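Please open the model in your viewer and keep the selection tool handy. We will go from one selection to the next, with a short comment at each stop.

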Amino acid sequence: MTNVISEIKKDFIYNLLLKGERIDGRSFDQYREISIERDVIRKAEGSALVKLGSSQVLVGVKMQPGEPFQDTPNRGVIITNAELVPLASPSFEPGPPSEVGIELARLVDRGVRESKAIDLDALCIEPGRKVWIVFIDVHILDDCGNILDAASLGAIAALLSTKVPASRFGLGEDYILPVRDIPIATTAIEFNDVLMFDPGVDEEAIANTRLTIITTAEGNICGTQKSGTGMLRPEQAYRIIDIACEKAKEIREKFLEA
Amino acid sequence: MIAMDETDISFFKDGLRLDGRKADELRPVKIEVGVLARADGSCYIEMGGNKVIAAVYGPREVHPRHLQEVTRAIVRYRYNMASFSVEDRKRPGPDRRSYELSKVSREALEPVILTSFFPRSVIDVFVEVLQADAGTRTAGINAAAVALADAGIPMKSMISSCAAGKVADTIVLDPMKEEDNFGQADLPIAMTPGGDITLMQMDGNLTPDEFRQAVELAMKGARDIHELQREALVKKYNQMTELSPAEVHACD
């Protein structure tokens, strides 16, 4: 499931890195160009197509009434899924979700859930019996690196444009889904004590440590995940957090706050 | 189970936690090495109400064979919860949570395993949670690291794991079930004794400053656990004054 990279390219990236450069000319903490297009799927309650450089991720939100969980009878339910479909990368295969896909879905979910972006109490229709279920489905279309940040951005963008389809289920008029926070995931890789944000697919292939920080609009941290088979010094983690907070603020202000 | 609100619980009484601990205190830890006869290495750990057993098999042949790597051993880690380990019966078998935990736990241990010593082979780590009380992943990693050492797998160092959390606006070490369920944040880490972090996860809500405090506290907990892991291993090998007949046979 890992991307293959030739030794010569690896050397090339490494030598550039020693000079303080990246293959696409970015600085180490610079994101690729971001574009977010909302409401691209009419059939979905909310949707967003996110482009992060050449990476493309489509997120659709569907909602329907259903039964609450037994231990939270008065709360709505969020279910997040990610499909790493084989059209998106030579290393994706059809079949049941891979470990990478599951981790991705659970991290997108963690951002939405832990930031309390959606008021689950407000999604109760009939206490103990009927609540709104929010399905967040992530479809990776083109994996050119850092699909996690793109997916996470897509999820919140899609939620911000979600209309609760109340009329379709005889529950009154449709209304805009209230969203209380805007969690942003920011990912960096560590390679030779260099921290590179928004890694491209080749950069991901050379690094074996990745740290994702999810921040709230308030500037707090609501989720982190270290991934990969490398190690990280605490100071490196703190440095990533400082930059991640700044980056997330920029992205939030530029793209998601109306 | 009745849903409780965060406000229904008071986490501190006279400055002490629900189970009488101080904010920076670990729950009692018990570690036993070599508890399974068939496994190449094994470890049983109790951390508070958690009871976890880990077994290591390998290095051994890889099945299915296409998974093998020419230059190194692969490491597999299976985190599994017994159906009776939690309040409401867990449906047996892997779920999405256990897939994620298996992945990050494997990545917590792999950095210290000298996999290049055993090309084309696999090191299998199986972790069974028998009783759960918040912190099963950290208990699993602690047991697995000891089981790897017990199996004689060459490693650059030990790995020790511990979580810190936030309850009632206070950073606490090693959260128990109530603190995890109704608390404000949970931050598990794993690290080498030298302070290289190999696992770091977090959910909840922390300011960057609180995040640092929680990392420092979890690292302190992990250092204490490392001491207990070392003691348990030393104890086992001190007892091995003479080889048992079965072990002599295995050496032939």
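Two strands count as paired if DSSP finds at least two bridges between them. Keep that in mind for the stops below; note also that this is a predicted model.

Begin by selecting A:Thr224 and look across to chain B: its bridge partner in S11(B) is B:Met202. Now widen the selection to the two whole strands, S12(A) and S11(B), the latter spanning residues 197-206 of chain B. They pair in the antiparallel sense, over 4 bridges.

Next, select everything in chain A that touches chain B. How many residues of each chain are in contact with the other? You should have 30 residues of chain A, facing 26 residues of chain B. Colour chain A by element and look for helix H2 (99-114), strand S12 (221-227) and helix H5 (234-256), each of which supplies at least two residues of this side. S12(A) gives the largest share, with 7 residues. Recolour by class, and this side of chain A shows 12 nonpolar, 10 polar and 8 charged residues.

Now hide chain A and turn to chain B alone. A cartoon view shows 5 helices and 11 strands. Along the principal axes, the C-alpha atoms of chain B fill a box of roughly 60 × 40 × 35 Å. The radius of gyration of chain B is 19 Å, which agrees with the value near 18 Å for a compact globule of 252 residues.

For a last selection, pick the buried residues of chain B: they make up 47% of its 252 residues. Among contacts in chain B with a separation of 6 or more, 70% join residues 24 or more positions apart.

How values were computed
Residues numbered from 1 in each chain as written. Chains lettered and ligands numbered in written order. Predicted model: local features only at pLDDT ≥ 70, side-chain atom pairs only at ≥ 80, totals over all residues. Contact = placed C-beta atoms within 7 Å. Nonpolar A, V, L, I, M, F, W, Y, C, P; charged D, E, K, R; others polar. Rg over C-alpha atoms; globule rule 2.2 N^0.38 Å. Buried ≥ 20, exposed ≤ 12 C-beta atoms within 10 Å, placed from the backbone.
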